[in-house]
Amino acid sequence: MTQTLPATRPVALAPDLTVGGRDVVLMLGPCSVESYAQTRAIAAVLAAHNLRVIRGGAFKPRTSPHSFQGLGEEGLKILRSVADEFGLLVVSEALGVEHVPLLAEYADIIQVGSRNMQHFPLLWAVGEAEKPVLLKRGFMSTVEEWLQAAEHIATRGNERIILCERGIRTFETATRNTLDVNAIALARQLAPWPVLGDPSHATGRRDLVLPASRSALAAGADGLLVEVHPDPPSALSDAEQAFPLEAVPELLSQARAIAAALGRGVR
Ligand code: PEP
Ligand code: MN
């Protein structure tokens, strides 16, 4: 490692909401924003449980060009409008440098996805943006490469960085990826930035979202990024890992139990 900065530097998202502080922060939402009705249904449930952040994809990095590519700016408009209705913050992904101004306009946190972790011009662009950045770990990247990618953002002036472990590719094919809980604990020791766990992309299976969420929090994650859907089988992207909206109370209660064991609350 190039440097060792042990203390986590919390990232303030709102006057009363911080990632990397005492409480863990849950960021839930659809893999893709599909419609106003779908997104609003999710936002209503999040708000009913006092959750503060909705995460949804408008520009989607799809492996196949024949898959649903996201609603683009229309998706960002839907996210912003339902988030404002329910008093939520928005996380959404910029796929390229050209998306950064749009994300800065509509979102509160700009996500850089796994496939883009070493897209250096994008790192530089979000490093010059006025919004916090959620940096996912590349699925073939080492922890050192991940933290160096974060430093590319920080050296452009933006230190409001939130890391996210979303699973790495291993020899195991029974699950979509392998949740690297070591990396969650290690990144928190080595870097100053808070670290989230993403049990959805890490497992690729809705029936593993709860145990993987528990593991990530137990390893010290400062929060979770979880894909939820009101009708999982009909999801236009990542349907197999979509966690049912109706099961959000169970996710919350399990998250609260693990967080409490570590002296933390859940926001
Ligand atoms: C996503 O968050 O929907 C996504 C595409 O994730 P990742 O970049 O981790 O694959
Ligand atoms: Mn997804």
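Trainee: How far is an oxygen atom of ligand 1 from a polar backbone atom of Ser114?

Mentor: A polar contact is a pair of N or O atoms within 3.5 Å, and in this predicted model the distance from the ligand 1 oxygen to the polar backbone atom of Ser114 is 2.8 Å. Side chains take part too, since an N or O atom of Arg115 and a polar side-chain atom of Lys136 each lie 2.8 Å from an oxygen atom of ligand 1. Taken alone, ligand 1 exposes 300 Å² (Shrake-Rupley, 1.4 Å probe), of which the protein buries 97%.

Residues are numbered from 1 along each chain as written, while chains are lettered from A and ligands numbered from 1 in written order. Local features need pLDDT of at least 70, side-chain atom pairs pLDDT 80 or more, and totals use all residues, with hydrogens and water left out of side-chain values.

Trainee: Which residues coordinate the manganese ion (ligand 2)?

Mentor: Donors are N, O and S atoms within 2.8 Å of the metal (3.2 Å for Na, K and Ca); here they come from Cys31 (SG), His201 (NE2), Glu227 (OE) and Asp238 (OD), at 2.1 to 2.4 Å. Cys31 sits in the loop between strand 3 (25–29) and helix 1 (36–48), and Glu227 in strand 10 (223–229), so this pair ties together parts 196 residues apart in sequence, where helices and strands are DSSP runs of at least four and at least two residues.

Definitions and conventions:
Polar contact = N/O pair within 3.5 Å; in protein donor to acceptor, adjacent residues only side chain to side chain.
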